[in-house]
Amino acid sequence: MNNVVIKGRLAAEPEMETTNTGKKVCRFQVAVHRRFQKEDADFFQVVAWEKKGDFIHNHFHKGQEILIRGVMQSSHYEQDGIRRVQWKLVAEDIEFCGPRMEQKPLESSSPQTTEEPNNNIAQEEILKNNLDSLYEPMESDDFPF
């Protein structure tokens with residue numbers, strides 16, 4: 001079984017890219033403190049594809065806490081005659097955790113407007129709709145039983 005859950009903080013701003021085939025991928029790094037050695041941390045390379053990647057890129061930023069469930073994947077390559085292995089976590093589920101932080105502004109060509117603090121309900125509804133769109137409903141024919 002390949003199932004990994006991590007909770008940590010983004011070590012840098014998420015970077016969005018488009019592959020040669022036109023798929024969007026968001027790459028970022030998560031720092032996870034070791035349980036009994038708070039001064040030490042492990043850094044996980046994480047990728048999120050398509051809608052999940054868009055969601056992370058638009059709603060998370062450096063220093064923010066994040067909870068991720070996904071699968072570990074390895075890739076092999078050779079550098080200077082030495083065979084190397086690179087591991088990355090492919091995000092399947094993403095959750096906010098920790099205190100609410102300011103969102104980074106979405107990129108647009110229109111001028112940015114300052115929102116009133118009373119718009120929290122509207123912002124929560126937008127985030128809920130974005131989260132709901134990450135999961136596509138399955139048809140009964142898709143179930144193996």
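**Close-up views of a predicted model**

Buried residues make up 24% of the 145 residues in the protein chain. Keep in mind throughout that this is a predicted model.

**View 1. The whole chain, with 2 helices and 6 strands.** Walk along the sequence and you get the pattern β-β-β-β-α-β-β-α. The protein chain exposes about 10,900 Å², and carbon and sulfur atoms supply 50% of that area. As for how the chain folds back on itself, take the contacts between residues at least 6 apart in sequence: 59% of them join residues at least 24 apart. Confidence is mixed: the average pLDDT is 80, and 68% of the residues score at least 70. Residues 108-119 are the stretch to treat with care, with pLDDT under 50 all the way along. For that stretch the model has 3 contacts beyond four places in sequence.

**View 2. The hairpin of β2 and β3.** Strand β2 covers residues 15-18 and strand β3 covers residues 24-33; the two run antiparallel and are joined by 4 bridges. To find your bearings on the ladder, look for Glu15, which stands opposite Arg27 in β3. Between the strands sit 5 residues, and Gly22 in this hairpin takes a positive phi near 90°.

**View 3. Strand β4 and its pairings with β3 and β6.** On one pairing, β4 (residues 41-49) meets β3 in the antiparallel sense over 9 bridges. Ala31 and its bridge partner in β4, Phe43, make a handy marker there. The pairing of β4 with β6 is parallel and has 2 bridges. Here the residues to pick out are Val47 and, opposite it in β6, Val90.

**View 4. An aromatic cluster of Phe55, Phe60 and Phe96.** A search of the whole structure turns up 3 aromatic pairs. One of them is Phe55 with Phe60, an edge-to-face arrangement at 6.2 Å centre to centre with 70° between the planes. Both of these residues, Phe55 and Phe60, are buried. Phe60 also pairs with Phe96, this time stacked, with 4.7 Å between centres and 15° between the planes. Phe60 lies in the loop between α1 and β5 while Phe96 belongs to strand β6, so the pair ties together parts that are 36 residues apart in sequence. How much of each ring residue is open to solvent-probe contact varies along the cluster: Phe60 counts as buried because its relative accessibility is 0%, whereas Phe96 is partly exposed at 34%. Taken together, the ring pairs link Phe55, Phe60 and Phe96 into a cluster.

**View 5. Glu65 in strand β5 and its contacts.** Is this glutamate buried or exposed? Glu65 has a relative accessibility of 17%, so it counts as buried, the cut-off being under 20%. Who surrounds Glu65 once its neighbours within four places in sequence are set aside? The contact list runs Lys7, Gly8, Arg9, Phe60, Cys97, Gly98 and Pro99. Phe60 will look familiar, being part of the aromatic cluster with Phe55 and Phe96.

**View 6. Gln86 in strand β6 and its contacts.** Strand β6 spans residues 82-96. Gln86 counts as partly exposed because its relative accessibility is 43%. Leaving out neighbours within four places in sequence, Gln86 is in contact with Gln73, Ser74, Ser75 and Tyr77. For a distance to check in your viewer, try Gln86 to Ser75: C-alpha to C-alpha, the two are 5.3 Å apart, with 11 residues separating them in sequence.

**View 7. Positive phi at Glu50 and Asp80.** These two are worth a look if you like checking backbone torsions. Glu50 has a phi near 50°, a positive value in a residue other than glycine. Glu50 lies in helix α1, which covers residues 50-59, and its 35% relative accessibility is why it counts as partly exposed. Where does Asp80 sit? Asp80 is in the loop between β5 (65-79) and β6. Asp80 is not a glycine either, yet its phi is positive, at about 55°. With a relative accessible area of 73%, Asp80 is exposed.

Conventions:
Residues numbered from 1 in each chain as written. Predicted model: local features only at pLDDT ≥ 70, side-chain atom pairs only at ≥ 80, totals over all residues. Heavy atoms only, no water. Pairing = 2+ DSSP bridges. Buried < 20%, exposed > 50% of the residue type's maximum accessible area, 1.4 Å probe, protein only. Contact = heavy atoms within 4.5 Å. pLDDT = per-residue confidence, 0-100. Areas by Shrake-Rupley, 256 points an atom, 1.4 Å probe, with all protein chains shown as cover. Phe/Tyr/Trp six-rings, centres within 6.5 Å; stacked < 30°, edge-to-face > 60°.
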